[in-house]
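I sat down with this one to look up its inner spaces, a few helix contacts and some single residues. These are my notes, in the order I went.

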Amino acid sequence: MRRSTGNAWRRVALIAVSVVCVGYAPIAMTELWPYARPGAPAFGEWILAHVVSPRYVADALATRIGPYRHSLVPMIVHSVLGGVLMLLGPAQVLTAVRRRTRLHRVLGTVFAVTVYASMAGAALYLARTAPEDAFSGAAFWIVLATILVGTVMSVTFGVLAAVGGFPDLHQRWMLLCYGFLLTAPLLRFEWGGLPLILPGLSMAEINQVATMHLGSIVAFGALIASRSLDRRTTVAGVSRSWAPVPALAVAHLAGAAALTWIARASLDHGTQGRRLLLAYLLPYAVTYAVMAVCARRAGLEGRLWAREEWRLHWAALCLAPVLSVGAVPILERSLGLDGLTALAAGAAIGCGAMAVTATLMVSVRVMYAREVLKRAVPAPGSASRLSTPVS
């Protein structure tokens, strides 16, 4: 009964994500048309104008004309190829589920090349745009740069895992890569949905709220997808945990101290600081609770590999605020940011960056387990050589 329910949920999730991706593809491909030719149709702007208001969209369009004009060609390449990736992602998942190995490899090659080309366009835009000139300011520029690095890293590690014969790790990295790509459609959902909860804010202000948790949400979604597809109870060669209880306790103490600092610093910035803090803490609390419950349940059920992976990501989540606190003074001094902007940027990138770190730790854990098994099996003829007396 539980397995059939789990399969049903996986099918529903796959269908929902596929619908979102296919629906967003034409929006991504046409989003920059009005910047190249004023008055050109753009599906995304039309939807937002009807969901929120035409003024809401017009104000946002006006603030982005200048920065986009300097890098219009790279941004068009980025957005059009981003729409292509929205279509390739579900196709890749379906070919993997149905074990169409040859087609999966061909589409995977196309997917990887398209990711690199699309991210190159985004990189050119970021290189030509000063952080303070980006939409919503420097914090958004920093978040975009972090997502770009995470996307490129994850697709690269995914390709290396496939070449190295680690299909389970390949799956994890590619899901994380696609999760980072999904920040684009999810951000558009928040542009349309958050004004209903926070009326009166501009799209730039809504954007600031959304970026406080987008990276953590998509990384968490990639982890949920990875765990739902991995039904192994144990992994050969994995014995002791790399995230034992003492290490988790230390991570919790450090994370609690960092969260306290972030909360106090945010509250010092009035209404805007409280709004950004709430946008950060609510998803963080939900993610923390789910990881804690899943790790405990896996341990009680004897699913040791699941417990190990949940624990590694749980520890990384606890340490994410520590990374954020450490990033704040660096961002403040290196980029000349004000306190709230540096604080928002540091908090926004912490969870996503630590999710990449946790996935890297899981990968090293699996590769180390394979190495342990290799060393445990004697090479052919080694036993006879050891037993042959030396004359």
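**Entry 1: a tryptophan to start with**

I began with W314, which is found in helix 14. This is a predicted model, so I read everything below as a property of the model. Is W314 buried or exposed? Its relative accessible area is 14%, and buried means under 20%, so W314 counts as buried.

Next I looked up what W314 touches. Leaving out residues up to four places away in sequence, I got L248, H252, Y288, M291, A292 and A295. I also checked W314 against A355: the two are 41 residues apart in sequence, and their C-alpha atoms are 9.4 Å apart in space.

**Entry 2: the second largest cavity**

A355 came up again when I turned to the cavities. The structure holds five cavities of 30 Å³ or more. The second largest has a volume of about 120 Å³. Its lining is made of 13 residues, and those closest to its centre are T287, M291, L317, C351 and A355. M291 is also on the list of residues that W314 touches.

Which helices supply at least two residues each to this lining? I found helix 11 (214-229), helix 13 (270-300), helix 14 (304-334) and helix 15 (339-376). Helix 11 gives the largest share, four residues. By class I noted ten nonpolar residues, three polar and no charged.

**Entry 3: helix 11 against helix 14**

Both of these helices were in the last lining, and I looked up how they pack. Their axes are 11 Å apart, at an angle of about 170°. Angles over 145 degrees count as roughly antiparallel, and therefore helix 11 and helix 14 are roughly antiparallel to each other.

From helix 11, the contact uses L223, I224 and R227; from helix 14, it uses W305, A306, E309, W310 and H313. I sorted the contact residues by class and got five nonpolar, one polar and two charged.

**Entry 4: the largest cavity**

Then I went to the largest cavity, which holds about 620 Å³ of space. How many residues line it? The lining has 34 residues, and M75, H78, L144, A184 and R188 lie nearest the centre.

The helices that supply at least two lining residues each are helix 1 (2-30), helix 4 (54-70), helix 5 (72-97), helix 6 (101-128), helix 7 (138-163), helix 8 (167-181) and helix 9 (183-197). Helix 5 has the largest share, seven residues. By class I wrote down 23 nonpolar, eight polar and three charged.

**Entry 5: the second largest pocket**

R188 turned up once more when I listed the second largest pocket, where it is one of the lining residues. About 260 Å³ of space lies in this pocket. The full lining is V20, G23, Y24, I27, G44, I47, L48, V51, P185, R188, F189 and G192. Helix 1, helix 3 and helix 9 each supply at least two of these residues. Eight of the lining residues are nonpolar, three are polar and one is charged.

**Entry 6: helix 3 against helix 4, and E45**

Helix 3 (residues 43-51) made me look at its packing with helix 4: the angle is about 135° and the axes are 6 Å apart. That makes helix 3 oblique to helix 4. The contact residues are E45, L48 and A49 on helix 3, with P54, V57 and L61 on helix 4. I counted them by class as five nonpolar, no polar and one charged. L48 is also in the lining of the second largest pocket.

E45 sits in helix 3, and I wanted to know whether this glutamate is buried or exposed. At 18% relative accessibility, E45 counts as buried. What does E45 touch, leaving out residues up to four places away in sequence? I found E31, P34, Y35, V57 and L61.

**Entry 7: a loop residue**

Last, I looked up S136, whose place is in the loop between helix 6 and helix 7. Its phi is near 75°, a positive value in a residue other than glycine. S136 has 14% relative accessibility and so counts as buried.

Definitions and conventions:
Residues are numbered from 1 along each chain as its sequence is written. This is a predicted model: local features need pLDDT of at least 70, side-chain atom pairs count only at pLDDT 80 or more; totals for chains, interfaces and linings use all residues. Side-chain values use heavy atoms; hydrogens and water are left out. On a 1 Å grid over the protein atoms alone, a cavity is a set of points where a 1.4 Å probe fits but cannot get out, and a pocket is an open set with protein on both sides within 12 Å along at least five of seven lines; lining residues have an atom within 4 Å of a point. Grid points are joined across faces, edges and corners, and a volume is the space filled by probe spheres set on the points. Ala, Val, Leu, Ile, Met, Phe, Trp, Tyr, Cys and Pro count as nonpolar, Asp, Glu, Lys and Arg as charged, and the others, Gly among them, as polar. Axes are lines fitted to C-alpha atoms, for helices over the stretch in contact, and angles run from 0 to 180 degrees between N-to-C directions. Angles under 35 degrees count as roughly parallel, over 145 as roughly antiparallel, 65 to 115 as roughly perpendicular and the rest as oblique. Contact means heavy atoms within 4.5 Å. Buried means under 20% relative accessible area, exposed over 50%, partly exposed in between (1.4 Å probe, protein chains only).
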